[in-house]
Amino acid sequence: MITTETMPLWKDVDASISLTRYIREDTVDRPVMLVVPGGGYACVCRSTEGTPIAERFASLGFQAFILNYRVAPERFPKPQQDIFRAIKLIRAHAKEWHVLKDNIAVIGFSAGGHLCISAGLLYDEVDASAGDAADAESARPDAVLSAYPVVTFLGKGHFGSGKNLLGDEYEARKAEFSLETRVNENTPPTFLWHTVEDKVVPLENSLLYLDAMTKQKRPCELHVFQKGAHGQQLGYGNEDIAGWPEQAVKFLKVICGFKFPHKHTGKTIILTFDDACKNHVKTVAPLLLKYGFGATFFICRFSDEWRSQHADTLMDENDLRLLHKWGFEIGNHSWNHLNMAKLTPEAVEAEITAINQLLISAGLPTPVSFAYPGGPYCENLNDALTRFDFRYARTTEKRPWNPEEDPKYRIPAIPISGTDTQPFMDAVAQAEPGKPVVLVFHGVPDTVHPWVDTSPALFEFYMKYLADNGFDVCAMKDYLA
Ligand SMILES: [Zn+2]
């Protein structure tokens, strides 16, 4: 259940000029959607372009707000001061209201669209201070969304909105408030949608703005629908239009980098990466960081001869330090990557010690996770693993890990490689709460061991799949911790 609270924006202005906040029961930090209804700067159509829109974006995972702003006979800069004050208040209460301070979007309709777009252009020009702590916050929205917006008061614009906003100054200032003339290199990314059949605020308004943004090389998307008069709101009964909120969320995710908490399913995937491939640092780790995923990187060095031929594909000490700095786990995969079942106890000890020494000399912690080179469980390593205080050792046995039954030095994991996506899908489908699935990847791509190759594009697809489907993704050491 989501409830609301409404607070006045100013001490000395009518209390109906206000910010309404949708209160969630959880305490997860989320992006903001500040909803700004239209009404030609003459009224605020809250029941049609306020409440239903805020409810929809709340259901899409936002902290939702509705702005009630001043309109005619009040003139510029009053409506702009109201939206800036609202943005500052939201930022000032970010902790308390569980808001991601740099993920603040505004969505306006018709003249509310003009107000939102102007907010992205005039945030430094209009004084919205109120004499409290919120004054110190930025008034700039991080992204601007507008539905069938009024943009211009020239050509095919909506003159009534302009006259209501500017009053006696309309003729003198109408060009200045034709927003397509104001786009600059700091204008926030903008998402617009419009219908071809809109006769009240013609499509040209959005086309002009897209053109102006594109000329300034600013990110802008315009979605045009064929049918529907002005004021389609959520596109009720019009299946063609009705998907725009989801499209807007994709814009915020992909183009603006907004962060959305994923829905927790209680299913965990443990990601492990073998053989110290250099592209784990260059390609894999940045993507994992983007999704907030943890992972374990198992380090080996191979033989001197191999290393002399492939040094450029193998991580160096700086790479290891970088992975550690980014919060990833670094594990031991033995120095020479030999079949450990055939080694003497002395050789086993030397293989493990050499990697531990490498990590220690790079200034990294002693590893607590080990991965058997080549994959198979080697019973003869138990004593050494215990002596070196390893907490986990990973094999490659193609089944989920049952932490209550599997011995700690025989954790099963499923290798993923090649171009067929089915093994990955089958593997992650086996994850259940309490029974994580451990995956093993090699190079992304793997040019030296092509039989365990995964292409960067496919890897990206896999990570997105895990994020979109609510998996928790972590390192070996983090699962039981
Ligand atoms: Zn390996």
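**Strand 9 and its surroundings in a two-domain chain**

Strand 9 pairs with strand 10 (residues 296-299) in the parallel sense, over three bridges. One of the matched pairs here is Phe-273 with Phe-297, the latter being the bridge partner in strand 10. The link between these two strands goes by way of a helix: strand 9, helix 11 and strand 10 form a β-α-β unit that is right-handed. All of this is read from a predicted model.

Some context on the whole chain helps to place that unit. The chain has 481 residues, and 45% of them count as buried. Its secondary structure adds up to 18 helices and 16 strands. The C-alpha trace spans about 95 × 40 × 40 Å along its principal axes, and the domain assignment splits the chain into domain 1 (3-254) and domain 2 (268-479). The centres of domain 1 and domain 2, taken over C-alpha atoms, are 47 Å apart. As for contacts, of those between residues at least 6 apart in sequence, 71% join residues at least 24 apart.

Back to the sheet. Strand 9 has further parallel partners besides strand 10: strand 15 (residues 437-441) runs parallel to strand 9 and is joined to it by five bridges. Within that pairing, Thr-272 sits opposite Val-440 of strand 15. Strand 16 also pairs with strand 9 in the parallel sense, with three bridges between them, and here Thr-268 faces Asp-472 of strand 16. The pattern carries on from strand 10, which pairs with strand 11 in the parallel sense over four bridges. In that pairing Thr-296 has Glu-329 of strand 11 as its bridge partner.

How do the side chains of strand 9 fall on its two faces? Thr-268, Ile-270, Thr-272 and Asp-274 point one way, while Ile-269, Leu-271 and Phe-273 point the other way, and all are buried. Because seven of its seven residues are buried, strand 9 is largely enclosed by the rest of the structure. Strand 11 (residues 329-332) tells a similar story on a shorter run: Glu-329 and Gly-331 go one way, Ile-330 and Asn-332 the other way, and all are buried.

Thr-272, which lies in strand 9, gives a close-up of this setting. Thr-272 has 24 C-beta neighbours inside 10 Å and therefore counts as buried, the cut-off being 20 or more. Setting aside neighbours within four places in sequence, Thr-272 touches a long list of residues, including Ala-295, Thr-296 and Phe-298, along with Val-438, Leu-439 and Val-440. Ala-371, Arg-394, Ala-413 and Met-476 are also in contact with Thr-272. Met-213 is another matter: 59 residues from Thr-272 in sequence, its C-alpha lies 43 Å from that of Thr-272.

Asp-240 makes a handy counterpoint. This residue is found in helix 9 (residues 239-242), and with 13 C-beta neighbours inside 10 Å Asp-240 counts as partly exposed. Leaving out neighbours within four places in sequence, Asp-240 is in contact with Phe-225 and Lys-227. Asp-240 and Phe-225 are 15 residues apart in sequence, and their C-alpha atoms are 7.1 Å apart.

Strand 9 also meets a helix further along the chain. Helix 17 (residues 456-468) has 13 residues, which at 1.5 Å a residue should span 18 Å; the end C-alpha atoms are 18 Å apart, so the two agree. Which residues of helix 17 are buried? They are Tyr-462, Met-463 and Leu-466. These three cover an arc of only 95° around the axis, which puts them on the same side of helix 17. That fits a simple rule: an α-helix has 3.6 residues a turn, so residues three or four places apart point the same way. The other side of helix 17 has Ala-457, Phe-461 and Asp-468, which are exposed.

What do the buried residues of helix 17 pack against? Their partners are strand 9 (268-274), helix 11 (279-291), helix 16 (422-429) and strand 16 (472-474). Two of these have come up before, since strand 9 and helix 11 both belong to the right-handed β-α-β unit. Just after helix 17, Gly-470 takes a positive phi of about 75°.

Notes:
Residues are numbered from 1 along each chain as its sequence is written. This is a predicted model: local features need pLDDT of at least 70, side-chain atom pairs count only at pLDDT 80 or more; totals for chains, interfaces and linings use all residues. The expected span of a helix is 1.5 Å times one less than its number of residues. A residue is buried if 20 or more other C-beta atoms lie within 10 Å of its own, exposed if 12 or fewer, and partly exposed in between; C-beta atoms are placed from the backbone. The arc is that of the directions from the helix axis to the C-beta atoms. Two residues are in contact if their C-beta atoms, placed from the backbone, lie within 7 Å. Domain bounds come from an automatic or database domain assignment. Two strands pair if DSSP finds at least two bridges between them. A crossover is right-handed if, with the strands pointing away from the viewer, the path from the first strand over the helix to the second runs clockwise.
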